Amino acid sequence: MDCFDELVDQLVKEIEEQEAKKRPRYKEAKRRFRNAVSVIVEDAWKALRSIPVRRCSVHLGSNHYSHTNRYADPNLTYRTFKPAYDGLLKLGYIEQTQKGYYDPFKMQGKLTEYQSSDKLERLFNDLGVYPAIYFQPSKDDETVLLRSKSDQRKVLIDYVETAQTNRHRRKLLKINQCLLRHWLDIELPDTEYATIAQRINSRTDKNPIDFSRRTLVRIFSNPDFKHGGRFYRGWWQNIPSEYRKYLTIDTKRTEELDYSQLNPNILYAMAGKEMGSADAYDRILGDKHRKLAKQAFNAMIQSPTPLKNCPEAIDLSKVGMKWAEIREAVLKAHQPIEQYFFKGIGNKLQYEDSRIAERIMLHFAKHDIPVYPVHDSFIMHHGYREELKDVMEQAFKDRFKADIDISVEAVDWSYLKKEQPSDHLDIDTIMASLSDVSEWQGRNEEWFKHRKSQRLRMT
């Protein structure tokens, strides 16, 4: 993007002028220094347009840059990144909001955090564009990730490249290229952004919505790449679930189709048993405590031990039962598959549902139709409901030789109707509704303008 490149060149020049170095950087160091400034400023811009505004994190320790692995940016070095950060800080373009630290005894720490200053924000506003539309993921970014636990912390680990990992990466590239050719957004009244920002801030498991996170990575959790493998890091996966029905693709409204009781269905299919028509979770404690029963079921599948004590994430205060009773209720309700409990196969089930998800997304990607996964559910243009349903059912049947129900999330756009029947909407009401969603409208107008300019450059 020319206007951003010009801004970076201006900032590099200012930093170099105030450094007063006796000798200028040699060509490669200069390239890496400029890249470091670009990385810091780009993230600050994206953070400023996130909902709510987020802070940026950086590694300022030299050790981080001394180890090369597949997850590191090969263009970033400590000798160029630290001066770039310090220069932007000294010139007042960024503000440090938290100093990083590491406690070697607790083996815990926090990264340094920063945000753009008012001075830099004014320069961003002068650019007059929306950053998420223009920035593409780096070709150097690894999309097939392998994660392990170390001292109760999840850490990324390196792995040996194989034909299998290369296949995963090639297939994911096709999916991501399709996603990048389209614009996913959330059609909300302008006044609602403060509410959703507050909701996200109140949740420790939610990160700010960053529209630039338009592609997926696949995260495995075992060196044999047969565990985990789900698709993560899409911004739509992070929003509170009740807002997903307002997602749009290229301004078109969407629907979400969901596999009903996916884990129980997989386990019964693996065991060669019929699950029956009764809800897999209702049958445990009744429909009143379905959510708790589902939590208990999944915890017992995930745990490699008999799980004699109640997991911390499960709240028994409203059920009036002890954990031992709930544990036995799960085993009794699902006696045909009792051999799968307490075997730690939760990540194996994730691998199975990730294979199904991959097949579904690839089916549509070859026709340039984007599908947005949220683990065991899929979001796409509402006009493809029946085809998506058929593909989901067939993908499961081909893998497990069994049928499964698909549920459809009802679409509700009542906030645009002003509490009036749709056949009584006049042009004034329609125009008023559009002004209510001016932020959504502005992003989409910019997206179509950008896409048109790209096509003109290709002709």
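**Exercise 1. A backbone angle in a loop**

Task: Arg233 lies in the loop between strand S10 (228-232) and strand S11 (247-249). Find what sign its phi has, and state whether Arg233 is buried, partly exposed or exposed.

Solution. The model is a predicted one.
Step 1. The phi of Arg233 is positive, about 75 degrees, although Arg233 is not a glycine.
Step 2. Most residues other than glycine have a negative phi.
Step 3. The relative accessible area of Arg233 is 39%. Buried means under 20% and exposed means over 50%. Arg233 is therefore partly exposed.

**Exercise 2. A second loop residue**

Task: Locate Asp368, and give its phi and its exposure class.

Solution.
Step 1. Asp368 sits in the loop between H13 and strand S13 (372-374).
Step 2. Asp368 is not a glycine, yet its phi is positive at about 60 degrees.
Step 3. With a relative accessible area of 32%, Asp368 is partly exposed.

**Exercise 3. A peptide bond**

Task: Which kind of peptide bond joins Ile51 and Pro52, and where is Pro52 found?

Solution.
Step 1. Omega is about -10 degrees between Ile51 and Pro52, and the bond is cis.
Step 2. Most peptide bonds are trans.
Step 3. Pro52 belongs to the loop that runs between helix H2 (27-48) and S1.

**Exercise 4. A sheet of three strands**

Task: Work out the strand order of the open sheet that contains S1, S2 and S5, and explain which strands stand at its edges.

Solution.
Step 1. The order is S1-S5-S2, with antiparallel pairing.
Step 2. Strand S1 (56-58) and strand S2 (94-98) each have a single partner strand, so one side of each has no neighbour in the sheet; these two are the edges.
Step 3. On average, neighbouring strands of the sheet are turned by 40 degrees against each other, direction ignored.
Step 4. S1 and strand S5 (residues 112-116) are joined by three bridges. In this pairing, Ser57 stands opposite Glu113 in S5.
Step 5. Helix H4 (residues 78-90) packs on the sheet and touches S1, S2 and S5. The direction of H4 makes about 105 degrees with that of S2.

**Exercise 5. The buried side of a helix**

Task: Compare the span of helix H14 (residues 385-400) with the expected one, and find where its buried residues lie around the axis.

Solution.
Step 1. H14 has 16 residues and reaches 23 Å from its first C-alpha to its last, close to the expected 22 Å.
Step 2. The buried residues in H14 are Leu388, Val391, Met392, Ala395, Phe396 and Phe400.
Step 3. These residues cover an arc of only 135 degrees around the axis, so they lie on the same side of H14.
Step 4. Their cover includes strand S12 (252-259), helix H9 (262-271), helix H13 (346-365), strand S14 (377-381) and strand S15 (406-409).
Step 5. Lys401, just after H14, takes a positive phi of about 55 degrees.

**Exercise 6. Nonpolar cores**

Task: Which residues touch the most other members of the largest nonpolar core?

Solution.
Step 1. Nonpolar side chains tend to be buried together in soluble globular proteins.
Step 2. The largest core has 85 residues, and those touching the most other members are Ile186, Phe211, Trp235, Trp236, Tyr259, Phe341 and Ile360.
Step 3. Leaving out residues up to four places away in sequence, the contacts of Tyr259 include Ile360, Phe378, Met392, Ala395 and Phe396.
Step 4. Another core, of 31 residues, lies apart from the largest one; among its members are Ala44, Tyr93, Phe124 and Val129.

Methods: Residues are numbered from 1 along each chain as its sequence is written. This is a predicted model: local features need pLDDT of at least 70, side-chain atom pairs count only at pLDDT 80 or more; totals for chains, interfaces and linings use all residues. Side-chain values use heavy atoms; hydrogens and water are left out. Two strands pair if DSSP finds at least two bridges between them. Helices (H or I, at least four residues) and strands (E, at least two) are DSSP runs, numbered from the N terminus. Axes are lines fitted to C-alpha atoms, for helices over the stretch in contact, and angles run from 0 to 180 degrees between N-to-C directions. Contact means heavy atoms within 4.5 Å. The expected span of a helix is 1.5 Å times one less than its number of residues. Buried means under 20% relative accessible area, exposed over 50%, partly exposed in between (1.4 Å probe, protein chains only). The arc is that of the directions from the helix axis to the C-beta atoms. A nonpolar core is a set of buried Ala, Val, Leu, Ile, Met, Phe, Trp, Tyr and Cys residues joined through side-chain atoms within 4.5 Å.
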